[in-house]
Amino acid sequence: MFLTKLKEILKDEPTYRYKQVNAFIFKNFITDWEEASSLPFSLREKLQISCPLDISSDIHWSSDRDSAKALIKLEDNNVIESVLIRNRDKRITICVSAQAGCPLGCSFCATGKMGFKRNLDFEEIVIQVLLWEREIRNSGERVDNIVFMGQGEPLLNYDNVIKAVKVFNDPERFNIGARKISLSTSGIIEGIERLSKEKLQFNLALSLHAPNDDLRSNLMPINEKYGLKKIFRALDNYIERNGRKVMLEYIMINKVNDSPELARELADLLKGRRLYMVNLIKYNDAGLNNFTTSTPDRIKKFKEILINSRIEVVERHSAGSDLWAACGQLANRNNLNK
């Protein structure tokens with residue numbers, strides 16, 4: 001990968017060259033070293049041979065151009081996916097993957113059906129955002145937010161994820177504020193505990209999807225190892241140490257986890273806890289286990305119960321359904337990871 005090769009290639013160059021090259025990659029978002037016109041021709045030629053900037057990808061835009069999904073082929077032919085979402089206020093959020101495939105096998109997630117291939121190196125995480133910056137550079141837009149909500153469990157690839165976060169946050173590179181970066185976990189307690197000690201003030205989200213262990217274990221087998229009591233103990237400690245709000249992601253699956261009784265159970269789970277917010281997400285139908293999206297009436301009732309219980313709740317619109325933009329869907333549909 002080109003990022004790790006740069007220091008070796010530039011070791012005999014003047015010290016300012018590394019900063020200059022970084023600016024071409026992360027500020028100008030060049031795709032070919034010939035665009036780096038202020039570099040000596042001999043150095044450009046050397047970089048062209050030893051450190052090509054190509055990112056092998058296939059990009060699909062939604063019909064309304066508000067979202068897009070990229071399939072990125074890695075050097076070992078594994079394929080990962082990353083999603084661009086234009087929010088209603090025109091801010092651009094990039095959803096990145098932390099693993100090729102996923103080992104967790106959640107019953108509602110297409111990525112889990114692909115199986116687990118491997119962890120991504122930090123560069124393979126970074127190039128997902130770099131690809132989108134290149135894609136939109138001529139529009140005058142920039143990436144505003146990054147969410148680790150693509151393929152895989154970020155906290156099972158902790159070191160590479162944190163290394164990538166630091167590249168995103170680096171003023172000499174992407175210069176994206178830590179509070180514009182969010183990590184989503186299924187509840188890997190050891191990772192949550194490590195995150196609580198990090199100095200970067202990024203956002204943490206928990207993929208909850210059920211308010212009790214029986215239902216959650218049925219939807220998410222990882223809950224057998226990391227039950228809700230242990231997870232919330234770790235999250236409470238995270239909040240105590242950092243004073244940062246935690247988002248609870250809750251995919252609304254019709255007649256599975258969206259009943260009024262479960263809404264009241266969720267309200268009871270959060271009673272007396274501070275700095276939690278529930279994010280209700282319409283399920284993207286992926287043809288798994290006959291799951292379908294909750295009806296608007298069931299979502300409305302669920303949301304009203306939480307609001308009446310004084311639980312902070314938002315409802316997220318799911319973008320890009322016409323291009324299978326839920327995590328794992330496009331790569332799974334095209335059988336690119338087989």
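Here is a short walk through the structure, from the overall fold down to individual charged pairs.

The model is predicted: local features need pLDDT of at least 70, side-chain atom pairs count only at pLDDT 80 or more, and totals for chains, interfaces and linings use all residues. Residues are numbered from 1 along each chain as its sequence is written, and side-chain values use heavy atoms, with hydrogens and water left out.

Let's start with the whole chain, which has 12 helices and 12 strands; helices (H or I, at least four residues) and strands (E, at least two) are DSSP runs numbered from the N terminus. Its radius of gyration is 21 Å, close to the 20 Å that the globule rule gives for 338 residues, so the chain is as compact as a globular protein of that length. That radius is taken over C-alpha atoms, and the rule is 2.2 Å times the number of residues to the power 0.38. Along the principal axes, the C-alpha atoms fill a box of roughly 70 × 40 × 35 Å.

How much of the chain is buried? Of the 338 residues, 55% count as buried, where buried means under 20% relative accessible area, exposed over 50%, and partly exposed in between (1.4 Å probe, protein chains only). Contacts (heavy atoms within 4.5 Å) tell you about the chain's path: among those with a separation of 6 or more, 66% come from residues 24 or more positions apart.

Now for the charged pairs. The structure holds 17 salt bridges, each a side-chain nitrogen of Lys or Arg within 4 Å of a carboxyl oxygen of Asp or Glu. One of them joins D159 and R194, with the closest N and O atoms 2.9 Å apart. D159 lies in helix α6 (residues 158-169) and R194 in helix α7 (residues 189-195), so this pair ties together parts that are 35 residues apart in sequence. D159 counts as exposed at 52% relative accessibility, while R194, at 42%, counts as partly exposed.

Another salt bridge links R173 and D170 at 4.0 Å, N to O. Here R173 counts as buried, with 16% relative accessibility, and D170 is partly exposed at 23%.

E312 and K245 also meet in a salt bridge, at 3.0 Å from N to O. E312 sits in the loop between α11 (296-308) and β12 (313-316), and K245 in the loop between α9 (228-242) and β10 (246-252), so the pair ties together parts that are 67 residues apart in sequence. Both partners are partly exposed, E312 at 37% relative accessibility and K245 at 35%. Elsewhere, D76, R118 and E124 are joined into one network by salt bridges that share partners.
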